[in-house]
Each structure stands twice: as C-alpha cells, then as structure tokens.
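Here is a short tour to read with the model open beside you. Take it topic by topic, and rotate the view as you go.

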Amino acid sequence: MTIFIRFIIISTALMFFTFFYLYINDDKYYPGADFTTSNMPDFEIKDLYSKRVFSVKDLDGSYLINVWASWCITCRIEHSFLAKLESNNIPIIGLNYKDEKDDAINWITKFGDPYKYIIHDYKGELALDLGVTGAPETFLLNDGKIIVHYRGEVNDMIWNDVFKPIIMKENIFNAN
Amino acid sequence: MLIEIAHFLSILSTGLFFICFIFSFFLNSKDIFIINLVSRIYSHSFFIFLSSFFVYVWLAISDNFSVLYIAQHSNINLPVFYKISSIWSAHEGSMFLWIIFLTTWGAVYNLFTSNDQLLKARTLGVISITSVGFLLFLLLTSNPFETILPVPPENGADINPVLQDPLLAIHPPMLYMGYVGFVIAFGQAIAFLFEGKPEIKWEKQVRSWSLASWSFLTLGIALGSWWAYYELGWGGYWFWDPVENVALMPWLTATAFVHSLSASSKSSILRIWTLLLSILVFSLSLFGAFIVRSGIIDSVHSFANDPERGLYLLAFIGLLVMVSLLLFSFRFNLLLSNKKIASLSKESFISLNNIFFGTLIFSTMLGVLYPLIYEFIYNQKISVGAPFYNAIFVPITLIACIFLYFSIDSKWQQSLNIKSLFQPLLISLTFSATIVILAFFQFSITNLWTLASLLIGSIIIMRYMIVIYFYFVYRKFTNIFSVIAHCGLGLLIISIALNDNLSSERALNIKINETEIYKDHQITLKNLRMVPGPNFDSVKADFLIENPNGKTFTLTPEKRKYFARGQVTTETAIHASFLKDIYLTIGDQLDDGSWIVNIQFNIFIRWIWFSAMMMVVAGLLLAHSLSRSRP
C-alpha cells in the first residue's frame, strides 16, 4: 500500500513536470511574431452587423487585422492601444473570433470601436485558415499579402519593436 | 553608482542565503553554535537584501532612468505613489517584491520563534534555498538592475493606465504576501520530514503563520476582484480567467490546510493530510508564479516573457517540489497511526472537508490544464470557461456547506449527539425557509440554484447566530473567529446567488439634456466637460439620476486619454448603496451626437467583498490570538 501511494505521488508529479517541459519547449505557444509572407486565404463572411459580406477582395490594400473576442480579457487591455492606432489613421479590421454576436456588439458599444469594420468569424473558419491560435492576434497586410503575424497583445513596446520597423521598411500607411 | 550598489547587495545576499542553507542542512546542526549562526546569517542576509530593495525604491522615486526597467515602466509625471508601485507593475520588479516578501516572512519567523531551535534552523534553511532559487532567477534571467548607458532617456515610458489605480498598487503585494507566507509551513514540514521524528509537533507552531498567510491571500484575491469590477468596466467580479484560477488553487488548498491543521495540532490525527497539504499549498503558489511568468497562458496577468524564464522556473520549482514529494512519500508512513477517527466527530468532518476541497482543487487544475493538453495534442485552442466551473463549484460548495452545518456541533474525538441537533435545526430551518419563501413570492426568484443557495447560506448564518447566543448567554466555549469566518462564507453564498440572479444591464443612446428611463430610474445627461488630469486628459459626462423615491444624485463616468502612451481608458462611475450598485460607463459618440451609455444594476455586489473581508479579519484575529496563546 505504501509503495503504491509512493508510486502514485511520484509518477503524477513527474508526468506533470514532463508535460510542462515539453510544452514550453515548443515555440508556437509563445507570443511572438512570424514574418513569412503569405497570401490571404479565401473567405466569405458577414460583418458583425450582418449588413454585408466580406471576401478576400475587400482586403486588397494595407491593413492591420486584429483578432479579438468579448470573452478575451487581454483584448480588453489591448483595446485602448488599438484606439490610439486608429487615432493615428492606421486602418484596423476587426476579426471577431468565436464570439456571440450580441456579446461582441455589446462590447464594442461599451469600449468603443477602433475598427474600420468587423468580420464576424463565428465558427473560426477564417481564423483557422490564418493559423490563429487564440485571441488577441494581429496580422499586418501589405497589398493583400500577410507580412506579419503576431500572437499576443500588441502594445507600445511590441508596436515599436515588431511592427514599426517593417512598416517603415515597406513604407506602408504613409509611414512617419 | 547607486544602481551598482543595489545590484551588488542583492548578489551578496544571494551568497549569504546559500551559506545559510548549507549550514542548516549539511553541517552538524545539532550544535547550538551552528543553529545560532544560521539564525544570524539569515538576519544579516535579509537586511542586506532589504537595503538593496530600498535603494531600488529610491531610484524609482528619483526618476533614475538609467535603470532600464524604471525607464520602461515609470514616468516623471507620475505621482510618487505610482512611481513606487510601478516597480511591481511588470515582471522584473514584481519578482523582486515577491522575493522581498518571501525573505521577510522568514525574517519575522526568525525573530519570533524561540522553541525547537533545530526545527527553526532547518526551516530557515528551506526558506533560504527557496530565496536563492528565486534570486538567481531574478539576477540571471530578469535583472531589474540592467542599465541604459551612457545616455539615459529623458523620460520614462509610463505604466499601463489600466494599472494606475490605488487598489491595483496594493493588490499584488497582498497576494504575494499570501502566496509566499506558506513558505513557513512548507519549511517546517520539510524540516520535520528531514528529521523524521513523529514526536515533533510542528503543526501547532505553524498555525498562526498559515492563518495569517491565508488571510493575506484572501485579501489579495478580493482586492483583485474589486479592481476588476470597477476598472475593467464589465461589472463582473470573477471571470474564471486562467490566472485567477491559478490563484484560486492555492487558496482552496490553503483553506483545506488551515482546517486540517486545526485537527492535527489538537490530536495526532490527519497528520499525513496536513503534511501533504502544506507541501501542496506552497507548490501551487510556485506553480502560479510559473504559469504567470513563463507566459504559457495569455491573460491580463501575464508578463512579457521568454521561454528561457519559463524553463528556469520549471527546473527550479520542479526540483523543489520533487524533492519535497520524495521526502514525503518515503517518510509519511512514520505518521501512520492506528487511531480510528470516531464517526461524526469533528475530525471526520474535517476529513470530509479535505475531500470536498480536493475535488474543487482537482477540477480547477483540470480546467487550467485541459486546454493546454488539448492544444498540445490536437494543435487547436479551446477555452474552458465559466459554465464548467459553475457546474462543479456550485453543487459541491452547497453540499460541503450542508456538512459544515452539521459539523458545527461536533466535538473532537467524540461522536455527534444526534438528539441535540433537532432544536437548533428546527429554529434555523424555519428561519431560512422563511427567507426562501419570501424570495420566491415577494421577489419572484424562481431559479432553483439561487433558492438552494439562499436556503443553505441563511441556514448556516442562523445556526451560527444560535452559537453566538449560547456563547454570550451561557458562556459556552466557542471559537468566535471561526464563527465570523463561517458566517462570512454563508453571506458570500447568499450574495453571489442574489447578484447572479437579480443584476441587470442595458445600453442606452442619450444626448445632452435628454432623459431615459431604465427600471424606474430617470437618467439625464446634463453636461460633458473636458478635464485635464495629472498625466491624462479626460472627458467627463455628468449624469443626473433620479431613483423611484424621487432622490437624485449625479454620476460622472469618464474617458481618459493618457499622454505618455496615448491610450484611451473608460472610467466607470458607481453609485453604491446598501443593496445595489448603479454602474455607468460611457462608450463612443454616435454620428447623430448621442452617446452610448451602459447602465448596470448590480445587486448585492458589495456584500461579496464584505463577506471576504469578514473572513480576512477573522483569519487575522485568530492568527493573532493563537500566536499569543502559544507557550
């Protein structure tokens, strides 16, 4: 009996730590940027207010795409930074991710709308094609091509370190 | 120069803490000379480390932006209070504070413990090695003393506006105090296991320390919940955010631990449980630190991070926890006793309590781990949210409370006298049934869970009222602090249930001098004005609200724009009264000039924190009274 208990305790703890060891050794779970250029996947999805349908043709320009959801608390923190970007005339398209329509609209009315428009990706189809792993995530599009994929909260520091240099280099958004 | 001095002092204290650990475990520490030496080295090392921290605080107050961390998180325009609190607004500084608290508990323990010198020296040794582990983590992977040389920036980058809040400045320190306070119970448990002598009564000595830490932990969690309520603008007080859960697990374990402790410090029963729980509480506190600081989980609470930190913490925490569990699993059979627990005795209820809490801890752990494991295997993100936790917590807590009710009369090592139960049961059941019937017919509450919570919450409170009556009238012995804490629990259950059931909200479009009506309240937007703040500009909206009784009051929600970061935040306006909060936030202006305003009626929400405060006060008072009565 004692040996059995000993075995249970030690093996549970070992499994626990081994799992976390394997988990943190995998880069993809970390906030971070991916700079490979890829095409925007095809999609046809309604906007949040069901007024019109968006497709890949509407994204033929330079935008930020911000993945958010009303259930995501980090998005709430990130939101005030997006408002600042909007006031600097940077066009942001919201990709509302796996969210109830009412909750999302409620959220936007409460905290303000920094987005040009919001795509309501209820089932997460577009997000799946984009390789979204959660919210918030932010994509930078140049001429309809994805050039940055950032996982995690975008704030001043991330903006200056990750996005600013590439925006200057590619001369997007009339960079200044 | 000051920066280098502070840095050097931290390094010096790391070395001294390590020496302290070596002396306490590897020298012939039965020698009284060595034991005294350990105690002295510890105090010196602590003061060196503390002065390093004070120098750092001074650097922050004096706007020394050559320090990278201060340049990134503070700002000349900040009030002094926030200059100090900016130290723990991000990873490096908060880790610094965490270790300060860890070593402070040890220093206070060192000062006030005089019995059983060997156990004390070993406990200090455990605290020292834990501090060394975290200090190395701080200095090697997240150095707060890193400098920007030769030219420091003229101004700092400011702290996140959402964090510029007096409550948030004290929420992390309180929480850290609670987390690391369990190092004393943990240290004593390890020292006890290392010695392997069952006759040492370590449990009695850690009761007040553990209760004090438990109170701080409760306070920290309650403050965080209150902050989220008024700052995040959702009107909620608990979000089942992964990091909240990571704080909840040590709290649940600690609660089970302090109960178990009271049993095993009175008789030698449940000692194995207590030992295991003491290791688990501290391990889960460390696990929380790992989760938050490795960046595994995206959350408001996570810090900017890199995998190296996660790996270091995992290695250190894994080593510490594995060694303790190995020690435990090879020594626990020393404590096996042949004593049977009498059925329906206080001990039997406390073991039941351990099982209930164990279930809750396990479920919370499952909710935290499941998405990670799922993502690891299927490469897809899923989130476990409130429905899962509610489905588990509500029934289990209510059932546990029924057992709590019957345990009130139980005695140590004696079976419960069933006959004596009837009279109090009749009185309290009548009282709570009346409340439920009133709620059902008068306030038309029909939700079964709400009614059940009302019944159980009020029956507990009423039962304790009877206990208090006997205490004052017949001088019947009672642990009055435990009564207060458990009444707090009853009140907490009632408040959560009523808040969940009766609260409501609506979004309104409103123009200046227009009036809208919501639930018999007239809401008029009187005025909009621009007001400059110390480090932000704000738009304030004055609302005049008239309640059904004709009473009027103004509420002024605002939107702020911070200079340094240009971020926009919404500040809620809350009118708090005895039973309900009226909670206003302003959103955007629409094209027709009207404003979006969100109004919420949050019923009984104050009582949630009030009941948490009852527990905190009761815990602190009990800790105090135990520490005085100790031989």
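The points below look at chain A as a whole and then at some helices of chain B.

This is a predicted model. Chain A combines five helices with nine strands, while the chain B notes follow helix H1 and then the packing of H2 on H5.

**Chain A overall**
- The order of elements along the sequence of chain A is α-β-β-β-β-β-α-β-α-β-α-β-β-α.
- The C-alpha trace of chain A spans about 70 × 40 × 30 Å along its principal axes.
- Chain A has 176 residues, and 40% of them count as buried.
- Taking contacts in chain A between residues at least 6 apart in sequence, 72% join residues at least 24 apart.

**Helix H1 of chain B**
- H1(B) covers residues 2-26, and its 25 residues reach 36 Å from first C-alpha to last, close to the 36 Å expected at 1.5 Å a residue.
- Its buried residues include B:Leu9, B:Phe17, B:Cys20, B:Phe21 and B:Phe23, along with B:His7 and B:Ser13.
- The buried residues of H1(B) pack against H2 (32-61) and H6 (117-141) of chain B.

**H2 against H5 in chain B**
- Two packed helices are described by the angle between their axes and the distance between the axes.
- For H2(B) and H5(B) (residues 91-112), the angle is about 145° and the axes are 10 Å apart.
- The crossing of H2(B) with H5(B) is left-handed.
- On the H2(B) side, the residues that meet H5(B) include B:Tyr42, B:Phe46, B:Phe49 and B:Phe53; on the H5(B) side, B:Phe96, B:Ile100 and B:Gly106 are among them.
- By class, this contact between H2(B) and H5(B) has nine nonpolar and five polar residues, with no charged ones.

Technical notes. Residues numbered from 1 in each chain as written. Chains lettered and ligands numbered in written order. Predicted model: local features only at pLDDT ≥ 70, side-chain atom pairs only at ≥ 80, totals over all residues. Helix = DSSP H or I, 4+ residues; strand = E, 2+ residues; numbered from the N terminus. Buried ≥ 20, exposed ≤ 12 C-beta atoms within 10 Å, placed from the backbone. Contact = placed C-beta atoms within 7 Å. Expected span 1.5 Å × (residues − 1). Axes fitted to C-alpha atoms, helices over the stretch in contact; angles between N-to-C directions. Left-handed = near helix turned anticlockwise from the far one by under 90°. Nonpolar A, V, L, I, M, F, W, Y, C, P; charged D, E, K, R; others polar.
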